[in-house]
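Have the model open in your viewer and keep the sequence beside it. We will start from a single side chain and work outwards from there.

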Amino acid sequence: MQKSEYLELYRKMYLIRRFEESCGENYSRGLIRGFLHLYTGEEAIAVGSISALREDDFIVTHYRDHGHAIARGLDPSALMAELFGKKTGVSRGKGGSMHLFDAKKNFMGGHAIVGAQIPLAAGFALASQYRHQDTVTVVFFGDGATNQGTFHETMNLASVWKLPILFFLENNFYGMGTRVENIRSNGKSFSNLADGYDITSSQVDGMDVLAVKETTEEAIKKIRQGQGPCFIEATTFRFQGHSMADPAKYRNEKEVEGWKQKDPLITFPKYLISEGIATQSEMNSIINDIDQIIDEAVRFASESPEPDLKELNNDIYA
Amino acid sequence: MTEITLRQSIQRGLIEALDGDPDVFIMGEDVGAYGGAYAITSGFLEKYGPERIKDTPISEASFIGAGIGSAASGLKPIVELMSMSFALVGFDQIVNMAANIRYMSGGQINVPMVIRAPTGAGMQLGATHSQSFETWLCEIPGLKVVAPSNPSDALGLLRASIKDPNPVIFAESAGLYGLKGEVSDEYFEVEIGKAMIRKQGTDVTLVSYGHGMPMIEKAQEELQKKDIDAEVIDLRSLNPLDLETIISSVQKTGRLLLLDTARKTGGVMAEVAASVQSESGDYLDGPIIRVGSEDVPWPYSRKLEQHAMASVPKIIKALEIGYSL
């Protein structure tokens, strides 16, 4: 891996972190409304996995979607404008935080019914297969979604049809406030979840961006070769509540602090310095750049106009 | 003109689409080796192969969703549901994905997909297999809903539905698959959103769609014997609704009977009635009459089922009571 690639991983993760912090601030100021689910703590997953994709691969994700959008390269200003409900937003102010889209970048949403994005993603994979193209679709979902019928149905469908799809489980151990032990039939592990569908699976530390990247690259390679779907479980933790409305009283401080020791925004720069890959001043320069990008995104979002009233009835039918 | 059944007209439309556009494919439960639960796709697998005639697992949510995703990628899936009642299993995909995705993406994603499903009661299939959820789906912005009543409209609407860049629910009255009718050998389409005046008349406007049309036409004949000249309108499309055609007819006749073959409460005719009332209530000589199926779960017993269904005698009786016709 080139030095620039390492720095790009850091840059993307830091951009997500600062973007989410800014979202939190602007939510508190009343400039962002609705449900807001922050990706803070989980950055290594979106950045590691999406860095393993080609630009023409499809991404379909869940409602905690800011991280994936940024990792795919969506414009932070247009993303912030969407959260501010402005016409310059990525979904023209009609989607909001949970429904981010950029079809030109094959970023096919942000979907807010738990597990509903999984069948949709199979459709993008089906289209690639139908056209004999070697593009891959990655679908992200959380531990909560693994109990939806759509998850199991689509794992089966994808396996039967050998669809070029990567099922990517972001296990942050809580579906809203309910711990996985209370909703998973075997009490804890997801490691055997794919076995029943004859889908190749792997587990990875979702706080380790390099491990996520490498694991995803291996899976994508198999899928692109036509071996059918793969499944990855990455363990991670969100540092904040489920949404801004959630004080996260169901978790104890010790658990949160334990995970914060693994914060990729602390561990990864340390690794880069200790391995002699990058210097602190190089990283400071990235930090400065991103602080400016975030300031600009908030300025752009604030100053952008709201949608015209006629937009209410536009985009319903093609 | 050739006389064919409604089943044959749908087959003709599907074959034409498969032949004309490599992006068109069909998927659903038992559409391949079995040939379709109602034998619509009989012989298709042999002709087009398993890539284009895809048998799916019994997982409606999953294959409807896969249809949506493939349509969003630019393919033109035609998804067959074995029954409109089974749409419930995939309702979230139909409503939250197919209908909403264009709007919530700010117009970036289109879903050029057709969902075909047999609908309606009358075949003693009991409560779970006899329902008409096209009346629920026609409330959803982003979806179009059509319900042909004869072979010619079935072909014309199917052509328009497959060409449409939006998700279209194509409700096929299961009781009409064997209905014969003349179909033009020339290419034609039926525009989605346009009702059809089947017969001009001056005394009363009778409106229905799909399975209700044979009943309405019989009722019109009964009325003719009493020298009552009824105008007969076939909605053909439940969303968008062609209220204009109905309203101008009511302004002429002053009387309106609406026939729903689905359960009466909350049916599409409730919306038609409310719209006519607010748009041209002044022209009405009496209350709008609605006839529909009884608000009960569909029973198995033939006697009970027939009793629950709308019928010609019920229509005639309602007109006698409502308008003394």
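**From one phenylalanine to two chains**

B:F91 is partly exposed, because 17 other C-beta atoms lie within 10 Å of its own, and a residue needs 20 or more to count as buried and 12 or fewer to count as exposed. Please keep in mind that this is a predicted model. On the chain, B:F91 belongs to helix 4 of chain B, which covers residues 91-99. From here you can look across to B:F133: the two residues are 42 apart in sequence, and their C-alpha atoms are 10.0 Å apart in space.

Now zoom out to the rest of chain B. Its secondary structure consists of 12 helices and 14 strands. How far does the C-alpha trace of chain B span along its principal axes? The spans are about 60 × 45 × 40 Å. Chain B has a radius of gyration of 20 Å, which agrees with the value near 20 Å that a compact globule of 325 residues would have. Of those 325 residues, 54% are buried. Sequence separation adds to the picture: take the contacts in chain B between residues at least 6 apart in sequence, and 80% of them join residues at least 24 apart.

Next, turn to the place where the chains meet. Chain A brings 32 residues to the contact and chain B brings 33 residues. On the chain A side, the elements that give two or more residues are strand 2 (107-110), helix 5 (117-130) and helix 6 (149-161) of chain A. Which of the elements of chain A gives the largest share? That is helix 5 of chain A, with 9 residues. By residue type, the side of chain A that touches chain B divides into 18 nonpolar, 10 polar and 4 charged residues.

Strand 2 of chain A, which we have just met at the contact, also leads us into a sheet. In chain A, 6 strands form an open sheet with parallel pairing, in the order 2-1-3-4-8-7. Its edge strands are strand 2 and strand 7 (200-205) of chain A, each of which pairs on one side only. From one strand to the next, the twist averages 15 degrees.

To finish, look at how strand 2 of chain A is held in the pairing pattern. Strand 1 of chain A, residues 58-61, pairs with strand 2 of chain A in the parallel sense, over 2 bridges. Where is the bridge partner of A:I59? In strand 2 of chain A, A:F107 is that partner.

How values were computed: Residues are numbered from 1 along each chain as its sequence is written. Chains are lettered from A and ligands numbered from 1 in the order in which they are written. This is a predicted model: local features need pLDDT of at least 70, side-chain atom pairs count only at pLDDT 80 or more; totals for chains, interfaces and linings use all residues. Helices (H or I, at least four residues) and strands (E, at least two) are DSSP runs, numbered from the N terminus. The radius of gyration is taken over C-alpha atoms; the globule rule is 2.2 Å times the number of residues to the power 0.38. Two residues are in contact if their C-beta atoms, placed from the backbone, lie within 7 Å. Ala, Val, Leu, Ile, Met, Phe, Trp, Tyr, Cys and Pro count as nonpolar, Asp, Glu, Lys and Arg as charged, and the others, Gly among them, as polar. Two strands pair if DSSP finds at least two bridges between them. Axes are lines fitted to C-alpha atoms, for helices over the stretch in contact, and angles run from 0 to 180 degrees between N-to-C directions.
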